[in-house]
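Work through the exercises below with the sequence and the model open. Try each task before reading its solution.

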Amino acid sequence: MPTPRVLILRAPGTNCDVETAYAFEQAGGQAQRVHINRVLEQPGILSDYQILCVPGGFSYGDDIAAGRILANQIRHHLADCLGQFRADGKLILGICNGFQVLIKAGVLLDAIPDRPSENPTPPATLTWNDSGKFEDRWVHLKVEGDKSVFLSGIRRMYLPVAHAEGKFVARDAQQLTTLEQASQLVLRYCDKDAQEKGDQQNNEVPYPLNPNGSQKNVAGVCDTTGRVLGLMPHPERHIDPTQHPHWTRGAGGPSGDGLTIFLNAVAYFR
Amino acid sequence: MLWEIDIHAREGIPDRVAAAIVTEANDLGITNLKVSTAHGYLIQGRIERAQVDRLANELLADQVVQRTVVAPVGDAVLNQAPPHGSCLVHVLPKPGVMDPVAQSALAALADLDLPVDEVRTFHKFWLSPLPADQLQVITGKILANDAIEQVIVGPLDFDHLEIGAPYRLELQHVAIRQLDDAALMRLSREGQLYLQLAEMQTIQAFYNQLGREPTDVELETLAQTWSEHCSHKTLAGRIDYRGAIGPQGESGQRQFDNMLKETIFAATTEIRARLADQDWCVSVFEDNAGIVRFDNENNVVFKVETHNHPSALEPYGGANTGIGGVIRDPLGTGLGAKPVCNTDVFCFAPPETPADQLPPGVLHPRRVLKGVVAGVRDYGNRMGIPTVNGAIYFDRRYLGNPLVYCGNVGILPRDKSHKQPLPDDWIVVIGGRTGRDGIHGATFSSAELTDQSETLSGGAVQIGNAITEKMVVDIVLAARDQGLYNAITDCGAGGLSSAVGEMGERIGAEVQLDQVPTKYDGLSYTEIWISEAQERMVLAVPAGRWDALAALCASENVEATVIGKFSPTGRLQLKYHDQQVADLPMDFLHDGRPKVVRQATYTPRPPAPLPPPPRQRPDDTLRDILGSLNVASKEWVIRQYDHEVQGGSVMKPLVGIDNDGPSDAAVVRPRLDSRQGLVIACGMNPHYGDLDTYHMAASAIDEAVRNCVAVGADPARIAILDNFCWGDCEQPETLGSLVRAAMACYDLAVGWDTPFISGKDSLNNEFTFEDESGQRHTISIPPSLLISALGQIRDVARCVSMDFKAPGNLLYQVGITKDELGGSHFALVSGLDGGSVPQVDLAQARRSFAAMHRAIDSGLVRACHDLSEGGLAVAAAEMAFAGGYGATIQPAQIPCSTPHLAGRPEVILFSESNSRFLCEVETAKAAAFEDMLTGVACAQVGQVTDRSRLTIGDWIDADTRQLKQAWQRPLSFD
């Protein structure tokens, strides 16, 4: 298969599109930044791509709620196209604001089936950080299970978060359990040594390790197929060694932890 | 129909807004308050209940964490009090104030095909019962700011939203030809023109000659163009200076025809001439930002602005539009630079100032600080521009007049660095619509603040809408690369008047004011012309490119409108439909202002010895300095800024093992595919200005440059910016203190070949109020010169950070410690006055900077930190706790100006002598390092240890974890 093509979806207020495209390019993909208006005019262009990425930023200012307006545009105009995209075995990635968009658009988690109505309740959302404000800080992450294509082979990562509305909250305890049992809660905040201790992390690690108060330390979730991933941390901000906050102390490797996510996505089509 | 949708937190989800209000009320002495909050939307349109329910659930509320109450406004169900609350308060933006969420909601509703005419957001609060005076305190000091918001106690009682009434043209003339001097000045003041008598007389003479009265819009245009804010008439004017000259302050005199041109600009001109074909400046002091060379394809640009007066009245909106405004400067430089990073420096009164000691009309400094930080955060983060560098200074004199400096660095292709509007180009405005907001900002910023400012100039306060500006940036960069325009500038202070007036200065311009898109009906032609509504850019577009530009803008929903033409008439002509409303010759507008000679005098404070230091253990003094507001950790602020977006972050503002040590400078890679970096730092020390503004300015430049050098920047490639914030420069002493600082700027720049490339001044930073007995008081800010530095580094992998790296490494002090405790933090925390102000030894500093750069570039330095506020002891403590290690330092080894200083702990530990660094060097590289620093004062003074203790001779023996706590505590507001 030739180089996979990546559509980086851009909307008013998207602001991580350039570096996210660069990360996909570094991983061997061919990335194009495309404005949402072009996709709405001609949804068929999606079929030219193997990977769809909704990058970080403040789509439509995050006015009303983070990601809400772009999510509504997708839900009302592109739901079928994205459904097809997913059914075709392609990949969808939402980073930070992209995660907020995917979860609110119903692309990532299926609506609760026992509430059949025109407007079914989503099983979970991303809401205001417990700190009540935007924060930029680096977090330790661990991968749970092997369901997500993007996280294949990754155990631990050190990445920055930068958001105000990243607290993962499920509709209720039952939903949370269902998602966990389906192995969809794939990325968790942890402390520096979590893996070594073998801690199952069923309790929330304290702030600021868990930077926003997410239930079960959830930093990222995938859909039922494992081919759609949303995460709050920014992998595109850690692909170069000098992005690591301790690089002057000799920490980090020849490339950043985040690069593997993009390499995995590209490798999936090779 | 007017519907109200209330959105509440679902049961079990905490109401954080309420919790914050309770805390703030406690701070104001109101205890046991109980609060519930909701926010919501007023929706006006011909829509049915079911439709409203649908948009509440689908668009406006998050069903997982929120619940809604929907009803027509006034319905009892909306106003049912929760168990503890009885007093209902609504807060809404005043009509005409930017409401970005409402705008976005309106656009999203259109997408749902709902016939909605207008949306407005609001917040509502239920408070437990409380007396009327306390209710007033809470609404006025916590819930709302009446500069931009209206408070309604009780249920909402209106049934429709005002959207403006149609405007009927009435051409206004202002009778000025017959006025006497007193009447001219009354007109200047009451019309908010803020022109001086000589200027009013010149205008009067001009219209007498013309044989007619000016129209109101002509007068406004002249006032705006001649305002201090836009013309810098004081500093770029004639000044007769008598007083201290040169570093040693001999008395003398100088006459300036244009003070800025003969000091700061002159330095750059000399440096460029000397560099000849090695000149790396591209465009200085002519465009909206200074431009210097970066790599083979790109130049970089830098601009720092202030937004002080709006921030005093409405901190959030003031800072918000401050950062929004400065981003448009690089975007309006050359053919448009891409924003790369932001800087922010603030000056406030101490946040612990007792609330009952505030003069009337002053917001509490803690509220100002939080509002300003939130304003920068919300705009900068939304723009996707990392905020990478800044500082905060505290002094009581900033109480009524805080300072907010906002800076932006951009990158620009070399062949897009110059603009040239051509005759017959169309005048195109793109971006935000014009509204009644921001009227009189340019002239207002030139007036002093008083306790009445809010009522007088409320219109000068605005809220920004970052997303509109982000859309404009995206489109401008695309249009630039397609070559769709000949020139671009920002609409800043003075609005279209300033932007079109400047762009058309050498051509002429004809503007059809009725064509300008407005936010609502009812704006007069004058309001349209002078409105400073945000997020607008003005372009000069060749007729043949208009279709392509219009299509590009439409493709991303950016509004673009042709409003006129740069007609080669040499005149500024404004029309509203068929009526001509202004006709002014460009040369009178730009060159007609009379030159006034201002007197300036300056005598530095006579030297006085520092009284004997208090009998306090140096350990405790160190802890006091670390915990003093200027030195203390700014992490609470920094974390709220996205400092890593765009992916170029190399040196973050917080560094070290726990990501919380104070970096000297930020380093970013503006191009992801290159290893070349930009270094951003600043220097400022208002306290030195109380002794001698010459040495204050010299020290600020030294600090900015040494901060850059400390992380690895090449001192031969550092460009600097000046931002003067001063008091009333009509006072000869105040103006003199500025002139003296400007002369230092010249000396330092020329001495180091460090060019100034851009600058800005903000004068009249004073606050006047009447106390209870009717007595007038004026608080003038201390002379506040901010120097911002833009350095460069060939390969970012050579950078060093300030945190200790490994036990056993050696410590070197580079530079000489002198008895310079005047204006120091030692003096500040000890309550002492006197001592010598730190000076700069130009030749020695230049050698030190060059040698340090060679050593860092050769990989010989593991950590480096500049010695600034608090001197050696503070620098060593910060390096230790940032690295998670300790240090042992032998005071006897410290390089001193005279040997006897070695016996004076306060000097060795806390003196703030300039041009010094503390460096960590591996033992194996010590000899090479020492070689590299030959000819520079440098001595091995100690060693990094693996114990968390800082030991300096017998004087200091402290646990670094406790020092860190002392440093972190004061400004953590959570």
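The exercises treat the interface first, then aromatic pairs, then two single residues.

This is a predicted model, in which local features need pLDDT of at least 70 and side-chain atom pairs count only at pLDDT 80 or more, while totals for chains, interfaces and linings use all residues. Residues are numbered from 1 along each chain as its sequence is written, chains are lettered from A and ligands numbered from 1 in the order in which they are written, and side-chain values use heavy atoms, with hydrogens and water left out.

**Exercise 1.** Describe the extent of the contact between chain A and chain B.

Solution. Begin with the residues: chain A brings 61 and chain B brings 66 to the contact (heavy atoms within 4.5 Å). Next, take the area. The size of an interface is often given as the accessible area lost when the parts come together. Here the buried area (accessible area, 1.4 Å probe, that two parts lose on being put together, summed over both) is about 5,100 Å². Carbon and sulfur atoms give 47% of that area. Then look at single contributors: Ile64(A), Asp136(A) and Arg249(A) supply 14% of the area that chain A buries against chain B, more than any other three residues.

**Exercise 2.** Find the polar links across the interface of chain A and chain B, then the elements of chain A behind them.

Solution. Step one is the salt bridges (a side-chain nitrogen of Lys or Arg within 4 Å of a carboxyl oxygen of Asp or Glu). There are eight salt bridges between chain A and chain B. In one of them, Arg10(A) is joined to Asp474(B), with the closest N and O atoms 3.6 Å apart. Step two is the 36 residue pairs in polar contact, both residues at pLDDT 80 or more. A polar contact is a pair of N or O atoms within 3.5 Å; within protein, one must be able to donate a hydrogen and the other to accept it, and residues adjacent in sequence count only if both atoms are side-chain atoms. Step three is the elements (DSSP runs numbered from the N terminus: helices are H or I with at least four residues, strands E with at least two). Among those giving two or more residues to the side of chain A that touches chain B are helix H1 (17–26), helix H3 (68–77) and strand S6 (135–143) of chain A. H3(A) gives the most, with seven residues.

**Exercise 3.** Which parts of chain B does the pair Phe206(B) and Phe588(B) tie together?

Solution. First, the geometry. Rings of Phe, Tyr and Trp (its six-membered ring) pair if their centres lie within 6.5 Å; planes under 30 degrees apart count as stacked, over 60 as edge-to-face and the rest as tilted. Phe206(B) and Phe588(B) are stacked, at 3.8 Å centre to centre and 5° between the planes. Second, the location: Phe206(B) lies in helix H6 (residues 197–210) and Phe588(B) in helix H19 (residues 586–591) of chain B, so the pair ties together parts 382 residues apart in sequence. Third, the burial (buried is under 20% relative accessible area, exposed over 50%, partly exposed in between; 1.4 Å probe, protein chains only). Phe206(B) is buried at 12%, and Phe588(B) is buried at 10%. Both belong to one aromatic cluster with Tyr207(B) and Trp226(B).

**Exercise 4.** Is Asn298(B) buried or exposed, and is Leu143(B) buried or exposed?

Solution. Asn298(B), in strand S11 (residues 298–306) of chain B, has 12% relative accessibility and counts as buried. Leu143(B), in helix H4 (residues 132–143) of chain B, counts as buried at 8%.
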